[in-house]
Amino acid sequence: MQTITTPGGETLVVLPIAEYEDLLDRADIAQADKVKADIAAGRDELVPAEVVNRLLAGENAVKVWRSHRGMAARELAKKAGISAPYLSEIESGKKDGSLSTMKKIAEALSVDLDDLAQ
């Protein structure tokens with residue numbers, strides 16, 4: 001390993017490409033191990049290809065996740081503290097849910113708010 005100091009005072013490290021690639025591989029493996037641990041601990045989940053494909057096809061994310069969770073619309077509406085007609089309008093795209101409503105729906109579905117973004 002060799003160090004170089006730039007004119008701005010920043011110290012850079014020069015190392016053989018093989019060592020650099022080994023560092024990248026180790027970082028990838030560490031990240032994969034973290035994901036596995038999160039799944040095993042219930043902090044994350046594997047998403048089936050069917051769900052991903054429906055989302056990529058443009059289906060409403062709330063409806064896709066509700067279906068994946070095996071929830072009826074009335075059940076989700078009740079759990080999120082909103083009316084069933086309002087949920088229907090969100091799922092059909094007639095209305096955008098407010099931020100607070102979408103947070104409640106995300107919590108009821110056990111997903112991140114970002115997972116409901118269209």
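Biologist: Is isoleucine 4 buried, partly exposed or exposed in this model?
Modeller: This is a predicted model, and within it isoleucine 4 has its place in strand β1. The relative accessible area of isoleucine 4 is 38%, and since buried means under 20% and exposed means over 50%, a value in between takes the middle name. Isoleucine 4 is therefore partly exposed.

Biologist: Which residues form a nonpolar patch on the surface?
Modeller: A residue needs over 30% relative accessible area to enter a patch, and isoleucine 4 has 38%. The patch has about 210 Å² of accessible area together, and its members are Ile4, Leu12 and Val14.

Biologist: How many bridges join strand β1 to strand β2?
Modeller: Strand β1 covers residues 2–5 and strand β2 covers residues 11–14, and the two run antiparallel. Within this pairing, glutamine 2 stands opposite valine 14, while threonine 3 stands opposite valine 13. The number of bridges that join the two strands is 4.

Biologist: Which residue in the hairpin of β1 and β2 takes a positive phi?
Modeller: The hairpin has 5 residues between the strands, and one residue in this hairpin has a phi near 95 degrees. The residue with that positive phi is glycine 9.

Biologist: What phi does serine 110 have?
Modeller: Most residues other than glycine have a negative phi. Serine 110, which is found in the segment after α6, is not a glycine, and yet its phi is positive. The value for serine 110 is about 60 degrees.

Biologist: Is serine 110 buried or exposed?
Modeller: The name exposed is given to residues over 50% relative accessible area. Serine 110 has a relative accessible area of 54%, and therefore serine 110 is exposed.

Biologist: Which residues form a negative surface patch?
Modeller: One of the members is aspartate 114, which is found in the segment after α6, a helix that covers 99–109. Aspartate 114 is exposed, with a relative accessible area of 67%. The negative surface patch is formed by Asp44, Asp112, Asp114 and Asp115.

Biologist: Why does the salt bridge of glutamate 45 and arginine 69 tie together separate parts of the chain, and how many residues apart are they in sequence?
Modeller: The side chains of glutamate 45 and arginine 69 meet in a salt bridge, with 2.6 Å from N to O. Glutamate 45 lies in the loop between α1 and α2, whereas arginine 69 lies in the loop between α3 and α4, so the pair ties together parts whose separation in sequence is 24 residues.

Biologist: What are the relative accessible areas of glutamate 45 and arginine 69?
Modeller: Residues from 20% to 50% relative accessible area are named partly exposed. Glutamate 45 counts as partly exposed, and arginine 69 is partly exposed too. The value is 30% for glutamate 45, and for arginine 69 it is 27%.

Biologist: Which residue forms a salt bridge with arginine 54?
Modeller: Arginine 54 is buried, with a relative accessible area of 18%. Its partner is partly exposed, with a relative accessible area of 31%. The closest N and O atoms of the pair are 2.9 Å apart, and the partner is glutamate 59.

Biologist: Are arginine 66 and glutamate 91 buried or exposed?
Modeller: The side chains of arginine 66 and glutamate 91 meet in a salt bridge, with 2.6 Å from N to O. This pair links distant parts of the chain, with arginine 66 in helix α3 and glutamate 91 in helix α5, 25 residues apart. Arginine 66 has a relative accessible area of 13% and glutamate 91 has 12%, and since buried means under 20%, arginine 66 is buried and glutamate 91 counts as buried.

Biologist: Which residues are joined into one network by salt bridges that share partners?
Modeller: The structure holds 7 salt bridges. Some salt bridges share partners, and the residues they join into one network are Lys34, Asp38 and Arg43.

Biologist: What distance separates the C-alpha atoms of valine 47 and histidine 68?
Modeller: Valine 47 is found in the loop between α1 and α2, and at 35% relative accessibility valine 47 counts as partly exposed. Valine 47 and histidine 68 are 21 residues apart along the chain, and their C-alpha atoms are separated by 9.4 Å.

Conventions: Residues numbered from 1 in each chain as written. Predicted model: local features only at pLDDT ≥ 70, side-chain atom pairs only at ≥ 80, totals over all residues. Heavy atoms only, no water. Patch = residues over 30% accessible without salt bridge, like charges linked within 9 Å, V, L, I, M, F, W, Y side chains within 5 Å. Areas by Shrake-Rupley, 256 points an atom, 1.4 Å probe, with all protein chains shown as cover. Salt bridge = Lys/Arg side-chain N within 4 Å of Asp/Glu carboxyl O. Lys, Arg positive; Asp, Glu negative; His and termini not counted. Charge placed at Lys NZ, Arg CZ, Asp CG, Glu CD. Buried < 20%, exposed > 50% of the residue type's maximum accessible area, 1.4 Å probe, protein only. Pairing = 2+ DSSP bridges.
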